[in-house]
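Me: I want to learn how to read features off a model. Can you take me through them one by one?

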Amino acid sequence: MKLRASDIKIPERIRIEYGDLADLGNSMKLKGQLQTILVHHEPDSTWELIAGARRLLACIQAKIEYVEVLTREGLSPLDKRELEIEENIRRKDFTFVEEVRWKEELKNIYEQRHLPGIFSSGVRSGSLSAIASKLHESDSNVDRDLELAQG
């Protein structure tokens, strides 16, 4: 189901810092919304956010008018708060090995799409810089991780 992003009320949240919403909004404009936002249909027929505040705020900031939502009804305030917390605590960060592997995969995808041809030492400076910029990391950090991925 799609709702107008501006029609979703955002109650007080546990998360205080949302990070860089511009990058997320730009990604959603380019790639689309990959995960739904969870909302509650209130008794007064309004919609209240349960989970997905970063996605919703990024859409609003990026002027994406409609968002994909998953809806719930009949939840108590405690149920809604528990779902908000549950969504955030069940996330698992990548292990170091997984992170290195997806960086290598991202490099390969970038090179196949943008820089076909001969590569010196496996990484072209253009792809390295593009990946580092996308990840908000230094070129040297990404280069080190890519070297580890090849080892």
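**Reading the features**

Reply: Start with helix H3, residues 77–89, where Ile 85 sits. Keep in mind that this is a predicted model.

Me: Is Ile 85 buried, exposed or partly exposed, and why?

Reply: Ile 85 is partly exposed, because its relative accessibility is 35%. Ile 85 also joins Ile 14 and Ile 89 in a nonpolar surface patch of about 260 Å².

Me: Now charges. What is the general idea?

Reply: Side chains of opposite charge can pair when their charged atoms come close.

Me: How many salt bridges does the structure hold?

Reply: There are 12 salt bridges. One of them pairs Arg 13 with Glu 84, with 3.7 Å between the closest N and O atoms. This pair links distant parts of the chain, 71 residues apart. Arg 13 is in the loop between strand S2 (8–9) and helix H1 (21–31), while Glu 84 is in helix H3.

Me: Why does Arg 13 count as buried?

Reply: The cut-off for buried is under 20% relative accessible area. Arg 13 has 12%, so it is buried. Glu 84 is buried too, at 5%.

Me: Which residue forms a salt bridge with Glu 87?

Reply: Arg 55 does, with the closest N and O atoms 3.2 Å apart. Glu 87 lies in helix H3 and Arg 55 in helix H2 (residues 53–61), so the salt bridge ties together parts 32 residues apart in sequence. Glu 87 is partly exposed at 24% relative accessibility, whereas Arg 55 is buried at 11%.

Me: Where do Lys 103 and Glu 99 lie?

Reply: Both are in helix H4, four residues apart, about one turn of the helix. Their side chains form a salt bridge of 3.1 Å, N to O. Lys 103 is buried, with a relative accessible area of 0%. Glu 99 is partly exposed, with 24%.

Me: Which residues are linked with them in a network of salt bridges?

Reply: The network links Glu 99, Lys 103, Glu 137, Arg 144 and Asp 145.

Me: On to polar contacts. What does the side chain of Asn 141 contact?

Reply: The side chain of Glu 137, through a polar contact of 2.5 Å. Asn 141 is in helix H6, residues 139–150. The C-alpha atoms of Asn 141 and Leu 128 are 10.0 Å apart, and these residues are 13 apart along the chain.

Me: Is Lys 107 buried or exposed?

Reply: Lys 107 is buried, with a relative accessible area of 4%. Lys 107 belongs to helix H4, residues 96–114. Its side chain makes a polar contact of 3.2 Å with the side chain of Asn 108.

Technical notes
Residues numbered from 1 in each chain as written. Predicted model: local features only at pLDDT ≥ 70, side-chain atom pairs only at ≥ 80, totals over all residues. Heavy atoms only, no water. Patch = residues over 30% accessible without salt bridge, like charges linked within 9 Å, V, L, I, M, F, W, Y side chains within 5 Å. Areas by Shrake-Rupley, 256 points an atom, 1.4 Å probe, with all protein chains shown as cover. Salt bridge = Lys/Arg side-chain N within 4 Å of Asp/Glu carboxyl O. Helix = DSSP H or I, 4+ residues; strand = E, 2+ residues; numbered from the N terminus. Buried < 20%, exposed > 50% of the residue type's maximum accessible area, 1.4 Å probe, protein only. Polar contact = N/O pair within 3.5 Å; in protein donor to acceptor, adjacent residues only side chain to side chain.
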